[in-house]
Amino acid sequence: MDFLHYEFAHSGVVTSLWLPPLMAFLISLVTSMVGVSGAFLLLPFQMSVLNYTAPSVSGTNLVFNLIAIPSGVYRYFREGRMLWSLNGVIVAGTLPGVGVGYYVRAYHLHDPGLFKVFVGMVLLYLSLHLLTDIAPWRRRRRQGGSGMEPESVARTETIAPSRITFTFGADTYSFSLPGMALLAFSVGIIGGIYGIGGGAIIAPFCVAIFGLPVYTVAGAALAATFITSIAGVLLYSLLPAPPGVVTRPDWLLGVLFGIGGALGMYVGARLQRHVPHGALTLLLAVVILLLAMYYLTELLTLL
């Protein structure tokens with residue numbers, strides 16, 4: 001076996017066997033700190049570097065989530081920062097959305113050019129939300145002192161039809177249950193199309209709009225992404241697609257990405273409490289914005 005030039009039979013990708021896990025590790029190390037699996041950056045890497053543009057790339061991205069995410073979720077759970085009530089609402093909303101997203105991807109966005117434009121729009125949204133969140137986040141950091149205390153844990157206090165309340169350390173937070181469920185459904189559609197499960201999209205909303213602490217959002221978003229990714233992989237693997245459209249994931253490539261991602265997420269979740277989130281958010285937003293601009297140039301070739 002040539003470790004420098006290996007051809008993946010299903011996707012046709014030709015690359016070094018060490019490159020997928022290395023890239024997944026580096027991406028997940030950073031993104032897991034803000035509740036994102038890293039799949040949203042892994043997909044542009046597959047499309048632009050590996051030239052993998054078939055609809056099955058979305059399913060392969062979801063395979064990465066299945067393998068990579070559990071290590072990060074375990075770390076958040078172990079440290080008492082897993083808010084299961086928030087996780088449940090996100091899962092309930094995103095699961096049906098992922099089904100709608102698969103249909104749109106397989107039947108309406110299988111053209112590589114159109115899909116690149118869609119990817120650019122999603123990335124542009126993410127970068128703008130992260131950039132607009134930097135100033136409010138820093139104000140909250142200044143008002144809240146030094147940030148998360150080492151012993152802080154997340155505990156759900158009340159669950160009502162309209163609102164969920166929880167505590168984290170000495171502070172109390174709450175969010176609208178219907179509002180979060182509606183957001184999760186919309187996110188599920190986009191995540192099903194893109195192949196990310198939705199955590200990358202819902203985490204910035206939870207912080208910027210609902211005002212929830214990223215220390216509790218990260219674990220819940222990752223856990224929800226894992227559950228919805230299971231549904232997404234099943235949809236891309238089992239449901240019929242139009243003639244000539246390949247949707248089944250490349251499992252070997254997805255597993256290699258997942259191995260690197262699992263290591264990156266575990267380390268990222270462990271380091272999260274020690275990283276200044278203002279600087280991390282700015283770095284992430286700039287990288288995503290550059291990728292968005294790159295993919296949106298595809299509009300020029302479509303006009």
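This report walks through a predicted model of a protein, from its overall make-up to a few residues worth a look.

**The whole chain**

Let's start with the broad view. The protein has 303 residues, and 54% of them are buried. Its secondary structure comes to eleven helices and five strands. About 12,500 Å² of surface is exposed, with carbon and sulfur atoms supplying 69% of that area. Contacts reach a long way along the chain: take the pairs at least 6 apart in sequence, and 78% of them join residues at least 24 apart.

**The inside**

The largest nonpolar core holds 75 residues. Phe-40, Leu-86, Leu-123, Met-180, Tyr-194 and Ile-202 are the ones with the most contacts inside this core. Helix α8, running over residues 214-238, is the top contributor to this core and puts in nine residues. Separate from this core there is another one of eight residues, including Val-63, Ala-106, Val-233 and Tyr-236.

Met-180 is a handy place to look around. Setting aside residues within four places in sequence, Met-180 is in contact with Leu-86, Val-89, Phe-175, Ile-202, Cys-206, Phe-210 and Leu-212. Two of those names, Leu-86 and Ile-202, also appear among the residues with the most contacts inside the core.

**Helix α2 and Asn-61**

Helix α2 covers residues 39-48, and nine of its ten residues are buried. The buried set runs through Ala-39, Phe-40, Leu-41, Leu-42, Leu-43, Pro-44, Phe-45, Gln-46 and Met-47. Phe-40, as it happens, is also on the list of residues with the most contacts inside the largest core.

Now bring in Asn-61, which sits in helix α3 (residues 56-78). Is Asn-61 buried or exposed? Asn-61 counts as buried because its relative accessibility is 0%, and the cut-off for buried is under 20%. The side chain of this residue still finds a polar partner: it reaches the backbone oxygen of Ala-39 at 2.7 Å. Leaving out residues up to four places away in sequence, Asn-61 touches Ala-39, Leu-42, Leu-43, Gln-46, Gly-195 and Ile-196. Among these, Ala-39, Leu-42, Leu-43 and Gln-46 are buried residues of α2.

**A small charged network**

Side chains of opposite charge can pair when their charged atoms come close. How many salt bridges does the model have? The count is two, and here they are with the closest N and O atoms.

| Salt bridge | Closest N and O atoms |
|---|---|
| Arg-75 with Glu-79 | 2.9 Å |
| Glu-79 with Arg-81 | 2.1 Å |

Shared partners link Arg-75, Glu-79 and Arg-81 into one network. Arg-75 and Glu-79 are both buried. For Glu-79 the relative accessible area is 15%, so it falls in the buried class. Arg-81 is buried too, with a relative accessible area of 0%.

**The outside**

On the surface, Leu-128, Leu-131, Leu-282, Val-286 and Leu-290 make a nonpolar patch of about 410 Å². Which helices each supply at least two residues of the patch? They are α5 (112-143) and α10 (277-296). The largest share, three residues, comes from α10. Leu-128 belongs to α5, and its relative accessible area of 45% makes it partly exposed.

**Two spots where distant stretches meet**

Trp-18 is in the loop between β2 (14-15) and α1 (19-31). This tryptophan is partly exposed, at a relative accessible area of 47%. Trp-18 and Leu-256 are 238 residues apart in sequence, yet their C-alpha atoms are 8.3 Å apart in space.

Pro-70 is located in helix α3, and Asn-61 lies in that helix as well. Why does Pro-70 count as partly exposed? Because its relative accessibility is 35%, which lies between the 20% and 50% cut-offs. The C-alpha atoms of Pro-70 and Gly-261 are separated by 10.0 Å, although the two residues are 191 apart along the chain. Not counting neighbours within four places in sequence, Pro-70 is in contact with Asn-65 and Phe-226.

Notes:
Residues numbered from 1 in each chain as written. Predicted model: local features only at pLDDT ≥ 70, side-chain atom pairs only at ≥ 80, totals over all residues. Heavy atoms only, no water. Helix = DSSP H or I, 4+ residues; strand = E, 2+ residues; numbered from the N terminus. Buried < 20%, exposed > 50% of the residue type's maximum accessible area, 1.4 Å probe, protein only. Polar contact = N/O pair within 3.5 Å; in protein donor to acceptor, adjacent residues only side chain to side chain. Contact = heavy atoms within 4.5 Å. Patch = residues over 30% accessible without salt bridge, like charges linked within 9 Å, V, L, I, M, F, W, Y side chains within 5 Å. Areas by Shrake-Rupley, 256 points an atom, 1.4 Å probe, with all protein chains shown as cover. Salt bridge = Lys/Arg side-chain N within 4 Å of Asp/Glu carboxyl O. Core = buried A, V, L, I, M, F, W, Y, C linked by side-chain atoms within 4.5 Å.
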